[in-house]
Amino acid sequence: MTTIALIGAGRGLGAAVARRFGAEGFDLALISRSIERVETLAAELRDEGLTARGYAANVREPQTIVSALDEATQDLGPIEVLAYAPLPQKEFLRPVLETTVEDLRAAVEFSIYGPVTAVHHVLQGMRYLGRGSILFVNGSSAARPSAGVAGTSIAFAGESAYARMLHDTLTTESIHVGQLIIPSAITPGHPTHDPGVLAEKLWTMHASRGEFRVFAEPMAGV
Ligand SMILES: NC(=O)c1ccc[n+]([C@@H]2O[C@H](COP(=O)([O-])OP(=O)(O)OC[C@H]3O[C@@H](n4cnc5c(N)ncnc54)[C@H](OP(=O)(O)O)[C@@H]3O)[C@@H](O)[C@H]2O)c1
């Protein structure tokens, strides 16, 4: 069986995506900064009959991403799906006139260097498998910059450009690259923003491929 590596695997969207892909037989590599949190979630998923393990990595420290992905591949097998969905920290979410170079450095590490590191590390395995999906998850500022959240707006623009170029380049290799835009807060029970509904969209992006960019709900003017 192959593996989905979930970078940014928390109790919200991360857990829902793990359950959705786990139901299809994927092994689950749950990655976040807190080893305690991902191990606790992995244990819950194992109790539900899924194969899951937790790994620590901070996306702002590239070597930790490499180590986590290496360990996951050794433990669970080849990574067929990479989902990049860490929740941005509040420090990136500052208004444009207050945003400093240091704020931007953190946002760029988080949203550009992190994805580039992870993608480089999983691509060879996907090519060996002959298939794969790389799924990015972002909020509305990736589709329309917002002066209230300058760090993510600027860094998400770079992440979006990188992801779209990957999509266009890898399409001939049966590796699908997609971006899910979630325009407002993830809310349990909401018809479009419930974690399970969003996880279903990510599953469809992997299984059916299709467009590069998918919206959880339409965004006016985009
Ligand atoms: N929550 C929303 O309302 C909302 C709205 C729009 C879009 N989104 C998108 O949805 C995704 C997150 O979904 P969610 O909010 O439900 O979160 P979640 O899956 O519950 O958790 C995300 C996890 O990201 C991890 N994380 C944060 N910073 C990290 C870092 N530097 N390195 C590694 N892991 C890190 C955190 O774990 P640790 O603290 O252990 O690192 C957290 O548990 C993100 O792509 C976000 O852009 C969320």
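Charges to start. In this predicted model, the protein has 18 positive and 24 negative charges, and their mean positions lie 3 Å apart. Lys and Arg count as positive, Asp and Glu as negative, and His and the chain ends are not counted. Each charge is placed at NZ of Lys, CZ of Arg, CG of Asp or CD of Glu.

Ground rules, quickly. Local features need pLDDT of at least 70 and side-chain atom pairs count only at pLDDT 80 or more, while totals for chains, interfaces and linings use all residues. Residues are numbered from 1 along each chain as its sequence is written, and side-chain values use heavy atoms, with hydrogens and water left out.

Now the fold. We have six helices and seven strands. Those are DSSP runs, numbered from the N terminus: helices are H or I with at least four residues, strands are E with at least two. The order along the sequence is β-α-β-α-β-α-β-α-β-α-β-α-β.

Overall dimensions. The radius of gyration is 16 Å, which agrees with the value near 17 Å for a compact globule of 222 residues. That radius is taken over C-alpha atoms, and the globule rule is 2.2 Å times the number of residues to the power 0.38. Along the principal axes, the C-alpha atoms fill a box of roughly 50 × 35 × 35 Å.

Surface next. About 10,200 Å² is exposed, and carbon and sulfur atoms supply 55% of it. The areas are Shrake-Rupley values with a 1.4 Å probe; for residues, only the protein chains shown count as cover. Of the 222 residues, 49% count as buried. Buried is under 20% relative accessible area, exposed is over 50%, and partly exposed is in between.

Contacts, meaning heavy atoms within 4.5 Å. Take those with a separation of 6 or more: residues 24 or more positions apart account for 70% of them.

Two covered elements. Strand E5, residues 132-139, has seven of its eight residues buried. E5 runs parallel to strand E4, residues 79-84, and four bridges join the two. DSSP must find at least two bridges for strands to pair. Tyrosine 84 has phenylalanine 136 in E5 as its bridge partner.

Helix H1, residues 13-23, has nine of its eleven residues buried. Among them are Leu13, Val17, Arg20 and Phe21. After H1 comes glycine 25, with a positive phi near 100°.

On to helix H3, residues 62-76, and two of its residues. Alanine 68 sits in this helix. Buried or exposed, what is alanine 68? Buried, because its relative accessibility is 2%. Leaving aside residues up to four places away in sequence, alanine 68 touches Ile31, Tyr55, Ala56 and Ala57. Leucine 104 is 36 residues from alanine 68 in sequence, and 25 Å away C-alpha to C-alpha.

Aspartate 75 is also in H3. Its relative accessible area is 36%, so aspartate 75 is partly exposed. With the same sequence neighbours set aside, aspartate 75 touches Arg53 and Tyr55. Valine 101 is 26 residues along the chain from aspartate 75, with 39 Å between the C-alpha atoms.

Last, backbone angles. Most residues other than glycine have a negative phi. Which residue between H5 and E6 has a positive one? Serine 174, at about 60°. Serine 174 lies in the loop between helix H5 (150-170) and strand E6 (175-182), and is partly exposed at 38%.

Arginine 209 also has a positive phi, near 60°. Its loop runs between helix H6 (195-208) and strand E7 (213-215). Arginine 209 is partly exposed, at 29%.

Methods. Buried means under 20% relative accessible area, exposed over 50%, partly exposed in between (1.4 Å probe, protein chains only).
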